[in-house]
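Colleague: I should like to learn how to read a fold, beginning with the ligand site and continuing to the sheets. May we take one model as the example?

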Amino acid sequence: DLNGYVDAKNHSLVIGGLFPIHSRTIPANESILEPVSAKCEGFNFRGFRWMKTMIHTIQEINERRDILPNITLGYQIFDNCFTISKSVEAALVFLTGQEENKPNFRNSTGALLAGIVGAGGSSLSVAASRILGLYYLPQVGYASTCSILSDKYQFPSYLRTIASDKIQSEAMVKLIQHFGWVWIGTIAADDDYGKYGVKIFKEEMESVNLCIAFSEIIPKVYSNEKMQKAVHAIKNSTARVIVLYASDIDLSPFVLEMVYHNITDRTWIASEAWITSALIAKPEYFPYFGGSIGFAIPRADIPGLKEFLYDIHPNKDPNDVLTIEFWQTAFNCTWPNSSVPYNTDHRVNMTGREDRFHAVSDKFCTGEEKLEGLKNTYLDVSQLRITNNVKQAVYSMAYALDRLSRCEEGRGPYIPGNTCAYIPDFEPWQLMFYLKTLKFTAHNGRRIEIDENGDVTGYYDILNWQLDDNGEVAFVKVGEYIFTHSKFELVINKNETIFWNTESAELPHSVCTDLCPPGTRKGIRQGEPICCFDCIPCADGHVSRESGQRECAQCGEDYWSNAQKSECVLKEVEFLAYDEALGFTLAILSLLGALVVLAVTAVYVIYRHTPLVSANNLALSFLTQLSLVITLLSSLLFIGKPHNWSCMACQVTLALGFSLCLSCILGKTISLFLAYRISKSKTRLTSIHPLYQKIIVVVSVLVEIGICTAYLVLEPPRVYKNMESQNIKIILECREGSIELLCLMFGIDVFLALLCFLTTFVARQLTDNYYEGKCITFGMLVFFIVWISFVPAYLSTKGKFKVAVEIFAILASSYGLLGCIFAPKCFIILLRPQRNTDEIVSGRVPTTDK
Ligand code: TCR
């Protein structure tokens, strides 16, 4: 029970055709148990036009003298109602020649079936081809694009005049990359076309690290639950760009759903099957689907087709039920006395939304209706795309037959014996041979070359939906995708020509999360696509300068990150500088100390003849003062930016200064000590000769100089950039060099100091008139206390404060010595001159200094 057209009488050869003239079958009535062929409904003007084009093309070929000159082709066309079952049924009818159940490749009139054009959608072609392929019966598709049809193992006799969806899916990904989208939703029709198209699309997306936000299916048979699932996914996703792989027929209910839920502000990437569909491209859907962008088969003009299409009237043949149905549907009337049902819709009960579908029209058709005024897809020849593929499919069949008919015996392709095949008695596989390697030029000059997979090369137009001045949806070409054997290239015109259906009318923005700003990096979210991520601030010392960085880069040695972590900045260099308060105060204190010492010296020089001054070894006193000046001023070397020379100089000067100072004091205390022993023991001990005092000084200073030289020569201190202790700062400090020698150097000083202390400590009870012994003891105590407390303080501070602590100790100990040794004497010299007399100075106690 198949609808269709046959013109097979008087022809030795027929070409089969399968077209979706209806959109669906009517669900079978449950009370009928016996299997019956289903009836169809939903007249499809586009499919009707395609079918008419096939008839037109065959007539054209028959008129031509250059192709198949002595043969006229017939045709046998069936409506497959866009369903698999009808396609299979038709395939079987083709093979068996209606009544017979064994294929004999002849139809009822005895004409040989050369091959078949068609089956529209992929699922249908797949189904038909599985049967036709068994017998190797040539099948040339015009709209089935599913990628598996390229597999010649499964579909050995299938060829097509349209490119595989593999190319379209790749092109879509390139388009997405071009516009910088990364987060894409997909919707597929529940058939081979949608599922395989989306499958390849997803694979391509993954290979370039783009992400799929959601992936939904539109049901073939209306199911509210499945539809709501898809709608829900679209509503709840942040993806603004959605790929929609479906035939227009399957898409219509989905479009109504979008309108019903008022889902706007989405950009649809259209698959070829609906980008130019008049079913979807209606002005009332424009708010929802305007700005759609997609790939289309190039448009073509077919001369003579328009007139042929207009040459249709139910009066011509009362048995032509399809024409009657066309008329009824186009003019919304009922043809009198015909059994053809008016275009009703049996799905109404299923969807529950009756208002979408027309009710039966009680108006009768008069036959006077004018096609000219009709706006109908069937008559619209401005967008001939698939229609042209139909024409080329018929032509490829004819060209193959033509080549076959021109075979020269002995030069033929078939082994053995290079034989030929002859019309009308050839086998289907013999025709397949010519089809497989077919190349020809189409009426519009395009080369058509069928490759080993049965596919063609060419290009897609990239179309964008815009509203034209009449308020109609216009398909504006905004670019091309060229695919040849070697080249795959996306060309897009200037972006301004593209209409975007976004609120701002600007390029939509489809991301899961926005690029991470500078200063942060991408952090993966467990279990989510790579396009969704968190932005994690860079760690200290690490930066990311541009947005969207995967990693933060570490700053160089002398650099550190700024507060925003977007830039590496030079680290702050830290040292105790003169121009800061601490450094400045310490420097002033040291200078002040030096001045005080100089003042003392001045007092000594002025009062050098007074007993108190002259009683002491004057040279030793001056040396002590000199050494105090040295130690006080040596602290200046610690302040300021350290250099190698200043590092060496400061420690050495300090050590030398102290050794000089302490050895002088030692000279003094030894003489006190001897004096004390003399006073105690009454033995005849001579007091120490001043020369020995000088020798002590010279020897200890020489030893110190020796050690210092060794220290400077062997392992001198050096400036060191300390980066470990603090991240944001470089601490400029002196590294000691040889710790052993340094300890030895200061060890000498400590040793001298101990000697001084011990000698005076013993002699502290010696009663001299101005308590010199006690003062020195006290001075040495101060010295020890300062330096002992210096050690923990020094070890527990960092950076410039370490230096400050050291300077502080130097100043404190120097001031201590100054205060304890010279202050009492100056006090007497200046303020108690009456005590500065010979008797008192020499007193009962013999002065040892003389
Ligand atoms: N391939 C689809 C069917 C299809 C179609 C169309 C249907 C294509 N282009 C245009 C109607 C109008 C592309 C398939 O199923 O393979």
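**Reading the ligand shell and the sheets**

Modeller: In this predicted model, 13 residues surround the ligand, and the closest are Gly121, Ser122, Thr145, Tyr193 and Ala273.

Colleague: How do the residues of the shell divide into nonpolar, polar and charged?

Modeller: The shell around the ligand holds five nonpolar, five polar and three charged residues.

Colleague: Where does the ligand lie with respect to domain 1 and domain 2?

Modeller: The ligand lies between them, because domain 1 (4–162 + 371–449) and domain 2 (165–296 + 457–497) both contribute residues to its shell.

Colleague: I turn now to the sheets. What holds the strands of a sheet together as pairs?

Modeller: Strands of a sheet pair through backbone hydrogen bonds, in either a parallel or an antiparallel sense. Here, one open sheet has six strands in the order S1-S5-S2-S6-S7-S8, and its pairing is mixed. Strand S1 (4–7) and strand S8 (158–160) are its edge strands, each pairing on one side only. On average, neighbouring strands of this sheet are turned by 25 degrees against each other, direction ignored.

Colleague: In which sense do strands S2 and S5 pair, and over how many bridges?

Modeller: Strand S2 (residues 13–19) and strand S5 (residues 73–79) pair in the parallel sense over seven bridges. Gly16 has Gln76 in S5 as its bridge partner. Helix H1 (residues 45–63) packs on this sheet, where it touches S1, S2, S5 and strand S6 (112–118). The direction of H1 makes about 175 degrees with that of S5.

Colleague: What is the order of the strands in the sheet of eight strands?

Modeller: That open sheet runs S10-S9-S11-S12-S13-S16-S17-S18, with mixed pairing. Strand S10 (211–218) and strand S18 (488–492) stand at the edges with a single partner strand each, so one side of each has no neighbour in the sheet. Neighbouring strands of this sheet are turned by 25 degrees against each other on average, direction ignored. Within the sheet, strand S11 (residues 241–245) and strand S12 (residues 267–270) pair in the parallel sense over four bridges, and Ile242 stands opposite Trp268 in S12.

Colleague: Which strands does helix H6 touch?

Modeller: Helix H6 (residues 224–236) packs on the sheet and touches S9, S10 and S11. Its direction makes about 155 degrees with that of S10.

Colleague: Which residues does the UniProt annotation "transmembrane region" cover?

Modeller: The unreviewed UniProt entry annotates several spans in this way, including 581–606 and 652–674. In the model, residues 581–606 are 100% helix and 0% strand, with end C-alpha atoms 37 Å apart. Residues 652–674 are likewise 100% helix and 0% strand, and their end C-alpha atoms are 32 Å apart.

How values were computed:
Residues are numbered from 1 along each chain as its sequence is written. This is a predicted model: local features need pLDDT of at least 70, side-chain atom pairs count only at pLDDT 80 or more; totals for chains, interfaces and linings use all residues. A residue is near a molecule or strand if its C-beta atom, placed from the backbone, lies within 6 Å of it. Ala, Val, Leu, Ile, Met, Phe, Trp, Tyr, Cys and Pro count as nonpolar, Asp, Glu, Lys and Arg as charged, and the others, Gly among them, as polar. Domain bounds come from an automatic or database domain assignment. Two strands pair if DSSP finds at least two bridges between them. Helices (H or I, at least four residues) and strands (E, at least two) are DSSP runs, numbered from the N terminus. Axes are lines fitted to C-alpha atoms, for helices over the stretch in contact, and angles run from 0 to 180 degrees between N-to-C directions. Two residues are in contact if their C-beta atoms, placed from the backbone, lie within 7 Å. UniProt positions are given in the numbering used here, feature names are shortened, and annotations may be inferred rather than shown by experiment.
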